[in-house]
Amino acid sequence: DAACRQHAWVLERSRYFLGISHLDVESLDLVYGFELEFTGNRDAIVCNALLEGSQLGWVLSQCKAIGQGNAVPLNCEPVIILALDEECFLQARLALETRNSSYQVRTGCYDEEPISIYFTVRAYPRTGGRFDMGESLRYQAEVGEDLVTRVVIPNVVRPIAAAIAAAQ
């Protein structure tokens, strides 16, 4: 709540201190970020946590079989963008960043980098109307809090955290 109030405060003052009006806004993003520390193959952690039992997980298992068990995930950074309304003016984006390199996987020397999970609720101004940034931020926060609580944390954050705990 305090973070949302601070963002609303900054947004309101941007009009006066930065000269930003509703005409200058192409979109307004509200981002929720999670960082999970893991030193190791972060792509493998994400694959195990999110793809196991899925069709994409099956593809990975088949590739491992062809490589006689040596196939290793090099890049598993899924991005999903969804329209939350019929006109596509409100969108949600889920993105994961693992920050692995093939050198790290090849040598087994991994940097201390987090697995980053970003959930963004983006609003675009509707044509012909005035875009109220404060009201949009309040609505985006309401939608974002609901989706983060019901969907992102239980289905993305917790499974990755559990996979990290099991790997250590």
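**Exercise 1. Determine whether Arg99 is buried, partly exposed or exposed in this predicted model, and identify the salt-bridge partner of Arg99.**

Step 1. Arg99 has a relative accessibility of 29%, and because buried requires a value under 20% while exposed requires one over 50%, Arg99 counts as partly exposed.

Step 2. The partner is Glu113, whose salt bridge with Arg99 has its closest N and O atoms 3.9 Å apart, which falls within the 4 Å cut-off.

Step 3. Glu113 lies in strand 4, whereas Arg99 lies in the loop between strand 3 and helix 4 (102–107), so the pair ties together parts that are 14 residues apart in sequence.

Step 4. Glu113 is itself partly exposed, with a relative accessible area of 28%.

**Exercise 2. Work out which strands pair with strand 4, and how many bridges join each of them to it.**

Step 1. Strand 1 (residues 28–38) runs antiparallel to strand 4 and is joined to it by eleven bridges; within this pairing, Leu36 has Ile115 as its bridge partner.

Step 2. Strand 3 (residues 90–97) is also antiparallel to strand 4, with eight bridges between them, and here Leu90 stands opposite Ala123.

Step 3. As for solvent contact, strand 4 (residues 113–123) is mostly covered, since eight of its eleven residues are buried.

**Exercise 3. Explain why Cys47 and Cys76 are not counted as a disulfide.**

Step 1. The sulfur of Cys47 is 3.3 Å from that of Cys76, its closest cysteine sulfur, and because a disulfide requires the two sulfur atoms to be within 2.5 Å, this distance is too far for a bond.

Step 2. Cys76 is likewise in no disulfide, and the structure as a whole holds zero disulfides.

Step 3. Both cysteines are nevertheless buried, Cys47 at 8% relative accessibility and Cys76 with a relative accessible area of 9%.

**Exercise 4. Describe where the salt bridge between Arg126 and Glu87 sits in the chain, and contrast it with the one between Glu135 and Arg138.**

Step 1. Arg126 and Glu87 meet through their side chains at 3.4 Å, N to O; this pair links distant parts of the chain, with Arg126 in the loop between strand 4 and helix 5 (133–167) and Glu87 in the loop between strand 2 (79–83) and strand 3, 39 residues apart.

Step 2. Arg126 is partly exposed at 46% relative accessibility, and Glu87 is partly exposed at 46% as well.

Step 3. Glu135 and Arg138, by contrast, have their closest N and O atoms 3.6 Å apart and, being three residues apart in helix 5, are separated by about one helical turn.

Step 4. Salt bridges that share partners join Asp85, Glu87 and Arg126 into one network, and the search of the whole structure finds seven salt bridges.

Key: Residues numbered from 1 in each chain as written. Predicted model: local features only at pLDDT ≥ 70, side-chain atom pairs only at ≥ 80, totals over all residues. Heavy atoms only, no water. Buried < 20%, exposed > 50% of the residue type's maximum accessible area, 1.4 Å probe, protein only. Helix = DSSP H or I, 4+ residues; strand = E, 2+ residues; numbered from the N terminus. Pairing = 2+ DSSP bridges.
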